[in-house]
Amino acid sequence: MHSSNPRNIAVSVHNLSKQFDGFTAVDRINFEVKKGEIFGFLGPNGAGKSTTIRMLCGILPPTSGEGKVAGLDIHTQREQIKWQIGYMSQKFSLYEDLTVEENINFYSGIYQIEEDTLRRRKEWVIEMAGLQRHRGSLTRVLSGGWRQRLALGCALLHEPSILFLDEPTSGVDPISRRQFWDLIYELTGRGVTVFVTTHYMDEAEYCDRLGMIYDGKLVALGTPEELKKEFMKETVLEVSCEQPMKAMAVIQNLAAVKEVTLFGNHLHAVVPDARTAHKAIQLVLSENAIKLSRLEKISPALEDVFVSLIEAQGKATATGGEGA
Amino acid sequence: MNLRRLAAVAKKECLHILRDPRSLYISIALPMMLLLLYGYALTLDVDRVPMVIWDQSETTESRELISRFTGSRYFTAQSFVSSYKEIEHSIDTRQALAALIIPTEFAQLLGGGEPTPVQLIVDGTDANTATLALGYAQVVALIYSQEIILQKVRQLRGQVLTVPLDVRARAWFNPDLESKNYIIPGLIAVIMMVISALLTSLTVAREWETGTMEQLISTPVKGPELITGKLIPYIFLGLLDVLLAVLMGEYLFHVPLRGNVALLFTMATVFLAGSMSLGMMISIVTKSQMVASQAAIVVTFLPSFLLSGFIFAISNMPTVIQWGTYLIPARYFITLLKGIYLKGIGLEVLALEAVLLVLFGVIVVLLANYKFKRKLV
């Protein structure tokens, strides 16, 4: 597994941990990100995604463990790392009382971009963000999508080799989200490595590889396909019926069903054997006079994988606790 | 420290100041308003105390005594009354702060060898004015008594007698003992202390709140570049305030500026660098604009007002509190300003204060940088 050539590795961490006043935010995680790939860091809020990204960007010093970003040590070479990376935080941290151009000028100054490259880079950012007609507008008046692309542009001014994005699409409309991912693909096409955190499962499908983090621990690592194959040995049945809450309660008690989760107004039932479960669900719903409109086998979404991983994790911790 | 990055930060901070009406208001309008308000209201002079007079005697002698009072600039005759009831009323309604009662037998008693009683009533609710008014009244009465005695002696012996002691008091640097002359320079120091700390207390906290600080930490910009870059435009803003205050002192309050203007502005720069770094440090530590601005006012206003020697002389304070005043930078700045303004003296006398002010600035700047570094861990 660790046979990869170190020259092709953009980010690697070994037993990386972060503790805040006795609370473990990140617990001994290990992974590698290859150059030019989109690595997605997936997990619910508070799982340790942002803490990890902030350690890698040199914003937060790790408590223990090792890490390398662009071949540089995250303990001792934090300042050098800053030249190699671009970082975009959750809030698209721009100065709202400054205009588009003034924001770009400020970050160009901070990154000491030479006068002759400055004009080219500035035009590139403005064009990329589609802000040609808004150069002189205060950032405050721009929509979420524009702000997001301007923030991305400012993080890319110095042409970093690795881009860290912390929940880059939160609070952005679906069209802007789509455009944003097109930009990300374009960047990786030019060899930029992208490390992105998200809690949107559909976005996770766009990534080349994924790490799933839960409660500070890395619970799974692989391509989206690998994760689905490896961690979803069971089948997922989608149940569309009336009174989904009531249906969930009765289906939960069936021996043929491992677990049920509510997805919108459908139910996803994870079952070891599809045929037995199919019959059992039909039966129990008619017994309870719940009208079933559809019951079929579906290919598991990443969300199913994630939910089942978390369930497994929860059970492991619980039995571990009893054993001790 | 990289100059390019420093310039980028300073330029950005200038734009923030120009775009934010609130910071412009705090930095320009507020100090002017405070200076006007305190400059006019905070006078410690007791001038033309309004006085009612009950002249029961109604003689040449009694009128002479009255003219001694009203002729001095310390008292003005508000009205003439003829009962205690009227006196009570005018003091209750604050039409008068003092009352002079001359008894019927004044003229007969005067010069009769026995002391002649004259009653003076003051409004004790205003203790400071009352004390001063009493003092003035005693002096007026004493001089009048002295003249009567001397006249008497001359009449009796036919020779001119002189008073054995002649104290000729001169109040140097402020011959008319006008309180505005020492209040205005002190006021400039106190106001600048509060305003400068308040202004910078918002800058770093704002970046923490909006999340731009996190972005900055991920860039190669360093703490000292950020802190210095932010300080530069604010120091210029502060110097503009000092200039406006000095102009107001000159043309509005007519406070004489006898010393070196260049020295005044150099010292102001040092003082501003220190107090602004203090505001910055508060901003770094609290991370919230709300808390930072309140802390900045609490930390600067009362100590600068009470413990700097602005109104209350430090030498009269208990020893422990006197030690504490060394921690108040306004103390040094006030001494410097009063020295430059009223005495026209320079560094040859004020070197210690100047050095201590520089020391304060250096310590606070270093501390702000240290705190900033600590916050990142």
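A good place to enter this structure is A:E167, a buried residue, because 21 other C-beta atoms lie within 10 Å of its own and 20 or more are enough to count as buried. The model you are looking at is predicted, and what follows is a walk through some of its features, from single residues to whole chains.

**Residues with a positive phi**

A:E167 has a second point of interest: its phi is near 45°, a positive value in a residue other than glycine. The residue sits in the loop between β7 (162-166) and α6 (174-189) of chain A.

A:A70 is another residue of this kind, with a positive phi near 50° although it is not a glycine. Look for A:A70 in the loop that runs between β4 (64-69) and β5 (72-73) of chain A. Is A:A70 buried or partly exposed? It is partly exposed, because A:A70 has 18 C-beta neighbours inside 10 Å, a count that falls between the cut-offs of 12 and 20.

In chain B, B:G158 takes a positive phi of about 70° just after helix α6(B). The table sets these three residues side by side.

| Residue | Phi | Place |
|---|---|---|
| A:A70 | near 50° | loop between β4 and β5 of chain A |
| A:E167 | near 45° | loop between β7 and α6 of chain A |
| B:G158 | about 70° | just after α6(B) |

**A glycine in strand β4 of chain A**

A:G65 lies in strand β4 of chain A. This glycine counts as partly exposed, because it has 19 C-beta neighbours inside 10 Å. Leaving aside residues up to four places away in sequence, A:G65 touches A:V13, A:H14, A:N15, A:L16, A:S17 and A:R28. For a sense of distance, the C-alpha atoms of A:G65 and A:A47 are 18 Å apart, and the two residues are separated by 18 residues along the chain.

**The nonpolar cores**

Which residues have the most contacts inside the largest nonpolar core? They are A:F164, A:F195 and B:F333, in a core of 140 residues. Helix α7 (residues 179-210) of chain B gives this core its largest share, 18 residues. A second, separate core has 22 residues, including B:L65, B:A96, B:A98 and B:A137.

Back in chain A, A:F164 touches A:I53, A:L56, A:C57, A:I85, A:G86, A:Y87 and A:F195, again without counting residues up to four places away in sequence.

**Where the two chains touch**

The contact between the chains takes 20 residues from chain A and 21 residues from chain B. On the side of chain A that touches chain B, α2 (78-84) and α3 (100-110) each supply at least two residues. The largest share of that side, four residues, comes from α3(A). Sorted by class, the side of chain A that touches chain B has 10 nonpolar, five polar and five charged residues.

**Chain B as a whole**

Chain B has 14 helices and four strands. Its C-alpha atoms fill a box of roughly 95 × 45 × 40 Å, taken along the principal axes. A compact globule of 377 residues would have a radius of gyration near 21 Å, whereas chain B has 28 Å. Buried residues account for 38% of the 377 residues in chain B. Among contacts in chain B with a separation of 6 or more, 80% join residues 24 or more positions apart.

**Strands and a helix in chain B**

Strand β3(B) is mostly covered, with four of its five residues buried. Its pairing with β1(B) is parallel and has five bridges, and B:V52 has B:A99 as its bridge partner in β3(B). β3(B) also runs antiparallel to β4(B), joined by four bridges; here the bridge partner of B:A99 is B:I121.

Helix α6(B) covers residues 127-157. How far apart are its end C-alpha atoms? They are 44 Å apart, which agrees with the 45 Å that its 31 residues should span at 1.5 Å a residue. The buried residues of this helix are B:A133, B:A137 and B:V140. Elements of chain B that cover them include β1 (49-55), α3 (60-71), β3 (98-102) and β4 (119-122). One of the three, B:A137, has already appeared above as a member of the second core.

Key: Residues numbered from 1 in each chain as written. Chains lettered and ligands numbered in written order. Predicted model: local features only at pLDDT ≥ 70, side-chain atom pairs only at ≥ 80, totals over all residues. Expected span 1.5 Å × (residues − 1). Contact = placed C-beta atoms within 7 Å. Core = buried A, V, L, I, M, F, W, Y, C linked by C-beta atoms within 7 Å. Rg over C-alpha atoms; globule rule 2.2 N^0.38 Å. Nonpolar A, V, L, I, M, F, W, Y, C, P; charged D, E, K, R; others polar. Pairing = 2+ DSSP bridges.
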